[in-house]
Amino acid sequence: MLEIKNLHATIDDKPILKGIDLTIRPGEVHAIMGPNGAGKSTLSSVLAGKDGYEVTEGSILFDGQDLLEMDVEERARAGLLMGFQYPVEIPGVKNIYLLRAALNAKREAEGLGEIPAPEFMKLIRAKLAEMKMDSSFLQRAVNEGFSGGEKKRNEILQMLVLEPKLALLDEIDSGLDIDALRVVSEGVNSLRDGQRSILMVTHYQRLLDYIVPDQVHVLVDGRIVKSGDHTLAQQLEKTGYEGVVEGGQA
Ligand code: ADP
Ligand code: MG
Ligand code: MG
């Protein structure tokens, strides 16, 4: 699904990623943990193709295609979708229009026609119920006046509607209370179907009690210094990043 080799990236000529190797197979969930400023968000931004990052070395294959040759829209159409650490507000654009436009763009890329309105409404109502969201939410402008928890639910709702092949989730747990965390985690878990892959960035082990990853990677200063199964996250919780880095392979 995703094969990252020796990835180096800079922001304003400052090296941030310093040789990342990471392979995610179909159906796998990988968690990236690490201290503030390690480059976790930079990695997801580079994958999503956001502006302001320069890849200076290395390669990324996504579903057999050269990801670095694709622009942001091409990546999204190919099935790579990013949720935002701080989801953007789009004043005046109703949620329902954005969701429908995004879904139709995806369908077009797959050679399907526009989704008929009744079918879309049926789909969206099912997904809203899954995320325990009220349908009045559809008529509100994207993220405008949303609480932190509502923004996160909205992100996962998008994922449930668009069903990406690879979902990038950056700190979906920040600012969530326990109930919202559970709903959001269940939403993410319902994306797991043995085919879809998820790369999620998190500071806290708590999220990984709800979404149990296949692999955990510790990113420090632009490099993955340790990888392991989900028990690595628990170990990190006890020892902190320094303990794991010192005790483990570098
Ligand atoms: P993390 O998500 O692991 O906390 P980031 O990827 O956000 O880390 O940041 C990695 C490094 O890149 C930090 O040193 C940060 O200051 C720097 N950085 C991130 N975004 C920018 C930017 N837009 N301009 C300059 N430096 C940035
Ligand atoms: Mg940060
Ligand atoms: Mg970050």
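**Helix packing, sheet order and ligand shell in a predicted model**

In this predicted model, α4 and α5 are oblique to each other.

User: Why are α4 and α5 called oblique to each other?

Analyst: Helix α4 (residues 117–130) and α5 pack at an angle of about 140 degrees, and their axes lie 10 Å apart. Angles over 145 degrees count as roughly antiparallel, 65 to 115 as roughly perpendicular, under 35 as roughly parallel, and the rest as oblique. The pair is therefore oblique. In addition, α4 passes α5 in a right-handed crossing.

User: What makes up the contact of α4 with α5?

Analyst: From α4, the residues Leu123, Ile124, Lys127, Leu128 and Glu130 meet Leu157, Leu160 and Val161 in α5. By class, this contact has six nonpolar, no polar and two charged residues.

User: Why is α5 described as roughly parallel to α6?

Analyst: Helix α5 (residues 148–162) packs with helix α6 (residues 178–191) at an angle of about 10 degrees, with the axes 10 Å apart. Because angles under 35 degrees count as roughly parallel, α5 is roughly parallel to α6. On the α5 side, Gly149, Lys152, Arg153, Ile156, Met159 and Leu160 take part, and they meet Ala180, Val183, Val184, Gly187, Val188, Ser190 and Leu191 in α6. Eight nonpolar, three polar and two charged residues make up the contact of α5 with α6.

User: What makes β6 and β12 the edge strands?

Analyst: The open sheet has six strands in the order β6-β9-β10-β3-β11-β12, with mixed pairing. Strands β6 (80–83) and β12 (223–228) each pair on one side only, and they are the edge strands. From one strand to the next, the twist averages 20 degrees.

User: How do you know that β9 and β10 pair?

Analyst: Two strands pair if there are at least two bridges between them. Five bridges join β9 (residues 166–170) to β10 (residues 197–201), and the two strands run parallel. Among the bridge partners, Leu169 is matched with Met200 in β10.

User: Which strands does α1 touch as it packs on the sheet?

Analyst: Helix α1 touches β3 (29–33), β6, β9, β10 and β11 (215–220), and its direction makes about 145 degrees with that of β9.

User: Which helix gives the largest share of the shell around ligand 1?

Analyst: Helix α1 (residues 40–48) contributes three residues, the largest share. The residues surrounding ligand 1 include Asp12, Asn36, Gly39, Lys40, Ser41 and Thr42. By class, the shell has three nonpolar, seven polar and two charged residues.

How values were computed: Residues numbered from 1 in each chain as written. Chains lettered and ligands numbered in written order. Predicted model: local features only at pLDDT ≥ 70, side-chain atom pairs only at ≥ 80, totals over all residues. Axes fitted to C-alpha atoms, helices over the stretch in contact; angles between N-to-C directions. Helix = DSSP H or I, 4+ residues; strand = E, 2+ residues; numbered from the N terminus. Contact = placed C-beta atoms within 7 Å. Nonpolar A, V, L, I, M, F, W, Y, C, P; charged D, E, K, R; others polar. Near = placed C-beta within 6 Å. Left-handed = near helix turned anticlockwise from the far one by under 90°.
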